[in-house]
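Visitor: Could you take a close look at one part of this model for me? I'd like the contacts and cut-offs spelled out.

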Amino acid sequence: MDGAFDEEGEPAVTIGEYLDEVEERELEADLVLGGDEGKECTFNKGYMKRQAIFSCLTCTPEGNAGVCTACSLSCHDGHQIVELWTKRNFRCDCGNSKFGEFYCKICPNKDVENAGNSYNHNFKGSYCTCGRPYPDPDAEEQVEMIQCCLCEDWFHEEHLGLESSTEIPKDEEGEPMYDEFICKACSEVCFFLKLYPEDIWAAGKQTDATVQKDKAVLEDMPSTCRPEKPVCETSYNSPKIDEVQATVDSKSTSLGKSLSQEKNISSSIVSNLCPKSTNLHDNCLLGVNIVDASPVLPNRPMFLSKNWRDALCKCNNCLEFYNKKHIAFLLDKEDSIAEYEQMAKLKREEKLQQQEGAELSFFNKLGHVEKVEILKGIEEMKDGLRSFLESADSSKPITAADVHQFFDEIKNKRRRVQ
């Protein structure tokens, strides 16, 4: 690949490629930071639904504190920082009692401790069930990890608890076909999701191999606990119970002993699923008292489709369960990463429009002579760049030294003119 690299070993790129890469990095940063420019500490905003959080191992090596973007830049510059991407319901800890005598430079008056914050081993720089750091200095190749939307820990694909990574819903190019992921440990509290239609599951082997098997729970439900047709969210497209029953019956032969075992397990659950009175479930999409359920089904990671949260039942009984298990945030549209990034994109677009408006306003305020000078300078830059590229040896790549020389010549030319 002659000419692919210059003399200094730097890869050769076009100006367009370079600008595209810069814009892509800026967009990626904006998506993570949620449009936060890092100028103000977020402490006074309370427990934010979602924000970028960092852990400073220099100040809190035990990993029991997190700081906002502004504090990571102003108060912990030069420290050993762990980027945690985003966390939900978190309040900036910078300068509180966990930091000893260290005070926040931006917002020094803070509570002694933020009792509502939650911390995991990510704050120590460890991830997944293997507890490895990211980037992993011992890994030959850095592989991407998947974040659980409940515990917010990150996992390697080979540590998800699956028999094979081929069970992860992906397209032919290897891109994820799921919108959100729930890890094996968190799937225990989300057992009720197996009672929903297949629409909430990402397309892939998990649907046939696990979801249909676990729907055997429905087969043993007392008829008094199953409404013929759920009545609640009109946008929720749920099949009739007799259709689900037919689906379960058609699968029972092929599932064999495995299904029989699941049915025996589910029978022990169902006795606690529904109270004698069904009035509580008149508006429940599941017709099931999940509050009193004692799930013993095998825990498996879950891969959910886009907008699966919209399908969740919001009856009083289910709401009680969500609050009891501390997962009510699943009903909050602003909690999801997709919504967070969408809001970040809107803020970025507004920011760029404001910048363009400010530049145009500045230009319009200039006098005629100043405007002509600026336009003349732009034309000289274009002409100089064109001459530079035309005179360059096409058989050799343009080096960083060549670019520096070009701008030095432009500066010297401007000095001679002045």
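Guide: Here is a walk through one loop residue, its neighbours and some ring pairs. This is a predicted model, so local features need pLDDT of at least 70 and side-chain atom pairs count only at pLDDT 80 or more, while totals for chains, interfaces and linings use all residues. Residues are numbered from 1 along each chain as its sequence is written, and side-chain values use heavy atoms, with hydrogens and water left out.

Let's start with D335, which sits in the loop between α6 (316–324) and α7 (337–365); helices here are DSSP runs of H or I with at least four residues, strands are E runs of at least two, and both are numbered from the N terminus. D335 has a relative accessible area of 3%, so D335 is buried (buried is under 20%, exposed over 50%, partly exposed in between, with a 1.4 Å probe and protein chains only). Leaving aside residues up to four places away in sequence, D335 touches R50, R88, R309 and F329, where contact means heavy atoms within 4.5 Å. With R88 there is also a side-chain to side-chain polar contact at 2.6 Å; that term takes N or O atoms within 3.5 Å, and within protein one must be able to donate a hydrogen and the other to accept it, with sequence-adjacent residues counting only if both atoms are side-chain atoms.

R88 has a ring partner too: its charged end sits over F329, 3.7 Å from the ring centre. For that label, NZ of Lys or CZ of Arg must be within 6 Å of the ring centre and within 35 degrees of the ring normal. R91 lies over the face of Y47 as well, at 5.8 Å from the ring centre.

On to ring against ring: the structure holds 15 aromatic pairs (Phe, Tyr or Trp rings, the six-membered one for Trp, with centres within 6.5 Å; planes under 30 degrees apart are stacked, over 60 edge-to-face, the rest tilted). One of them, F99 with F102, is tilted, at 6.2 Å centre to centre and 35 degrees between the planes. F192 and F321 pair edge-to-face, at 5.4 Å and 80 degrees. F192 lies in the loop between β5 (180–182) and α3 (205–214) and F321 in helix α6, so this pair ties together parts 129 residues apart in sequence. Both F192 and F321 are buried.

Finally, back to α7: its buried residues are I337, Y340, A344 and R348. An α-helix has 3.6 residues a turn, so residues three or four places apart point the same way.
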